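Me: I'm new to reading protein models. Could you walk me through a few features, one at a time?

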Amino acid sequence: MTGTVGVPVDSCEPPPDRSDTELWRAAADGDHPAFTELFERHAQSVWNHAYRLTGSWASAEDLTSSTFLTAWRRRADITLVRDSALPWLYTVAGNLARSEHRSTGRRLRLVRRLPEPRSVSDHADTVVDQLDGEDRLQQVLALVAKLPKSQRQAVELCLLGDLSSGDAAELLGVAEVTVRAHISRARTQLRAALEEK
């Protein structure tokens with residue numbers, strides 16, 4: 001029994017494989033299944049080639065996708081010289097790999113020229129440091145309040161008030177050397193008191 005075109009209806013033989021050139025021409029004419037067949041025929045080989053070029057599975061996946069995307073876009077512009085599409089696909093994959101390598105190199109050089117980012121402290125650390133600083137300041141102020149009057153005044157004017165020892169001496173009506181001595185004794189007492197805490 002034969003079909004309408006003379007082909008046996010019960011025939012189980014698949015149609016003969018089309019060459020890459022035939023598939024390419026058919027794809028260029030808009031035959032999407034022809035391009036799918038080309039992809040299925042060569043995707044593993046292109047992936048292997050891309051992996052050998054990059055040494056990375058992820059990069060090989062990306063290059064394989066990009067290679068076939070390029071093939072799809074250029075299918076009408078390219079005529080295969082040989083019957084196999086692999087040499088052209090390998091060339092595209094190699095060019096894409098080199099372009100990506102150059103781009104990566106440029107990005108790395110650019111990143112190396114950027115200044116080191118300033119480290120940003122955690123807000124919680126800032127709050128804790130501020131509270132610790134305020135607590136320490138309160139402790140110091142409480143200790144300063146317990147100093148003898150002459151030492152306390154010298155510390156308040158020079159260390160807490162940022163006056164020079166000469167200006168403080170003039171304000172207090174004493175010699176500058178006396179103000180320095182009061183500050184020196186006060187520092188010693190304050191250190192000792194803070195070490196005890």
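Me: Let's start with the lining of the largest pocket: how do its residues divide into nonpolar, polar and charged?

Reply: This is a predicted model, so keep that in mind as we go. The lining of the largest pocket splits into six polar, four nonpolar and two charged residues. The residues to look for are L53, T54, S59, D62, L63, S66, L96, A97, E100, H101, T104 and G105. As for volume, the largest pocket comes to about 260 Å³.

Me: Which helix gives the most to that lining?

Reply: That's α4, with six residues. Helices α2, α3 (57-74) and α4 (86-113) each put in at least two.

Me: Okay, now helices. How do I read a pair that packs together?

Reply: Two numbers do the job: packed helices are described by the angle between their axes and by how far apart those axes are. Try α7 (residues 165-172) and α8 (residues 176-196): the angle is about 105 degrees, and the axes are 8 Å apart. Angles of 65 to 115 degrees count as roughly perpendicular, so α7 is roughly perpendicular to α8.

Me: Which residues make that contact?

Reply: On the α7 side, look at S165, G166, A168, A169 and L172; on the α8 side, E176, V179 and R180. Sorted by type, that contact has four nonpolar, two polar and two charged residues.

Me: What about α6 and α8, at what angle do they pack?

Reply: About 95 degrees for α6 (residues 149-160) against α8, with the axes 8 Å apart. That makes α6 roughly perpendicular to α8. From α6 you get S150, Q151, A154, V155, C158 and L159, and they meet V179, H182, I183, R185, A186, R187 and Q189 of α8. Here the split is seven nonpolar, four polar and two charged.

Me: And how do α1 and α2 cross?

Reply: Helix α1 (residues 20-28) and helix α2 (residues 32-54) cross at roughly 140 degrees, and their axes come within 8 Å. That angle makes α1 oblique to α2. A crossing also has a hand, and the one between α1 and α2 is left-handed.

Me: Which residues of α1 and α2 meet there?

Reply: D20, L23, W24, A26 and A27 of α1 meet A34, F35, E37, L38, R41 and H42 of α2. Seven residues of this contact are nonpolar, three are charged and one is polar.

Terms used. Residues numbered from 1 in each chain as written. Predicted model: local features only at pLDDT ≥ 70, side-chain atom pairs only at ≥ 80, totals over all residues. Heavy atoms only, no water. Axes fitted to C-alpha atoms, helices over the stretch in contact; angles between N-to-C directions. Helix = DSSP H or I, 4+ residues; strand = E, 2+ residues; numbered from the N terminus. Parallel < 35°, antiparallel > 145°, perpendicular 65-115°, else oblique. Left-handed = near helix turned anticlockwise from the far one by under 90°. Contact = heavy atoms within 4.5 Å. Nonpolar A, V, L, I, M, F, W, Y, C, P; charged D, E, K, R; others polar. 1 Å grid on protein atoms, 1.4 Å probe; cavity = no way out; pocket = protein on both sides within 12 Å on 5 of 7 lines; lining within 4 Å. Points joined across faces, edges and corners; volume = space filled by probe spheres on them.
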